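Visitor: I should like to understand how the terms used for a protein structure are justified. Would you take me through some of them?

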Amino acid sequence: MKATIISDEEYLTDQFQRLHQEVESCLKAKDFEVQETQVGRDDLTFCRGCFGCWVKKPGECVINDSISQINRAVMNSDVVVYLSPVVFGQFSANIKNVIDRWLPNMLPFFVTRPDGSTMHPPRYNTYPKQIIIGYANELTADDGQLFIDITRKHRRNVEVLVYHGEEHEISAAFGKMDLKREDGQL
């Protein structure tokens with residue numbers, strides 16, 4: 001089984017190092033082959049909104065940067081874990097860019113969710129289990145909950161955790177999760 005860890009290279013704090021080590025240990029204990037990608041400000045261009053990933057090269061971004069390799073690694077994984085600092089209740093800009101540039105893995109149409117919002121339908125029958133873990137040195141309960149609420153609003157099949165510096169929290173959460181590919185619901 002394969003797992004991909006994606007993190008923001010601009011926030012490699014001591015807290016990140018502890019979190020990363022715990023996540024990697026949890027995955028390896030479950031016999032995952034772990035691939036890692038750290039993304040910085042200069043690694044990816046922002047999405048142009050050109051729809052080239054749907055029209056010119058369906059399923060692949062037309063921008064020539066490392067997103068094609070990142071998306072390929074993610075889609076060939078059983079589990080993908082995003083480690084993101086929580087910045088104003090949201091992902092860091094670099095992690096947000098990776099998530100935004102995931103658009104080629106969805107179809108260009110719209111479907112209406114039960115809550116009335118719209119989203120793009122899945123391109124594939126299965127996707128990797130997605131786990132997004134937010135961290136910050138001083139994270140209030142409100143900021144942590146905001147991070148969870150916003151993240152879940154955009155992805156239905158995602159596990160969202162907030163790391164407060166206690167490694168056992170991550171181990172316990174991973175122990176309860178079914179770490180395998182999921183159906184095409186995003």
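Guide: Let us begin with a definition: a salt bridge is a side-chain nitrogen of Lys or Arg within 4 Å of a carboxyl oxygen of Asp or Glu. Please keep in mind that this is a predicted model.

Visitor: Why is the pair Glu 24 and Lys 28 called a salt bridge?

Guide: The closest N and O atoms of Glu 24 and Lys 28 are 3.5 Å apart, and the cut-off is 4 Å, so the pair qualifies. The two residues are separated by about one helical turn because they stand four residues apart in helix H1, residues 14-29. The structure holds nine salt bridges.

Visitor: What makes Lys 28 partly exposed?

Guide: Its relative accessible area is 47%. Buried means under 20% and exposed means over 50%, with partly exposed in between, so Lys 28 receives the middle label.

Visitor: How do you know that Asp 100 and Lys 96 form a salt bridge?

Guide: Their side chains meet at 2.7 Å, N to O, and the limit is 4 Å, so the term applies. Both residues lie in helix H3, four residues apart, about one turn of the helix. Asp 100 counts as partly exposed because its relative accessibility is 34%, and Lys 96 has that label at 33%.

Visitor: What makes Glu 159 and Lys 129 a salt bridge?

Guide: The closest N and O atoms of Glu 159 and Lys 129 are 3.1 Å apart, and that value meets the 4 Å cut-off. This pair links distant parts of the chain: Glu 159 is in strand S8, residues 158-163, and Lys 129 is in strand S7, 30 residues apart. Salt bridges that share partners also join Lys 129, Glu 159 and Glu 182 into one network.

Visitor: Why are Lys 129 and Glu 159 given their accessibility labels?

Guide: Lys 129 has a relative accessible area of 7% and is therefore buried, since buried means under 20%. Glu 159, with 26%, is partly exposed.

Visitor: What is the relative accessible area of Ser 84, and which label follows?

Guide: The value is 0%, so Ser 84 is buried. Ser 84 has its place in strand S3, residues 79-85. Its side chain reaches the backbone nitrogen of Ser 92 at 3.0 Å, and a polar contact requires N or O atoms within 3.5 Å. Not counting residues up to four places away in sequence, Ser 84 touches Phe 91, Ser 92, Ile 95, Ile 133, Gly 134 and Tyr 135.

Visitor: What makes the phi of Asp 31 worth a remark?

Guide: Most residues other than glycine have a negative phi. Asp 31 is not a glycine, although its phi is positive, about 65°. Asp 31 is found in the loop between H1 and strand S2, and counts as exposed because its relative accessibility is 63%. Phe 51 also has a positive phi of about 65°; Phe 51 lies in the loop between S2 and helix H2 and is partly exposed at 46%.

Visitor: Which residues lie nearest the centre of the largest pocket?

Guide: They are Ile 99, Asp 100, Met 106, His 154 and Arg 155, out of 19 lining residues. The volume of this pocket is about 460 Å³. Helix H4 gives the largest share of the lining, four residues. By class, the lining has eight nonpolar, six polar and five charged residues.

Conventions
Residues are numbered from 1 along each chain as its sequence is written. This is a predicted model: local features need pLDDT of at least 70, side-chain atom pairs count only at pLDDT 80 or more; totals for chains, interfaces and linings use all residues. Side-chain values use heavy atoms; hydrogens and water are left out. On a 1 Å grid over the protein atoms alone, a cavity is a set of points where a 1.4 Å probe fits but cannot get out, and a pocket is an open set with protein on both sides within 12 Å along at least five of seven lines; lining residues have an atom within 4 Å of a point. Grid points are joined across faces, edges and corners, and a volume is the space filled by probe spheres set on the points. Ala, Val, Leu, Ile, Met, Phe, Trp, Tyr, Cys and Pro count as nonpolar, Asp, Glu, Lys and Arg as charged, and the others, Gly among them, as polar. Buried means under 20% relative accessible area, exposed over 50%, partly exposed in between (1.4 Å probe, protein chains only). A polar contact is a pair of N or O atoms within 3.5 Å; within protein, one must be able to donate a hydrogen and the other to accept it, and residues adjacent in sequence count only if both atoms are side-chain atoms. Contact means heavy atoms within 4.5 Å.
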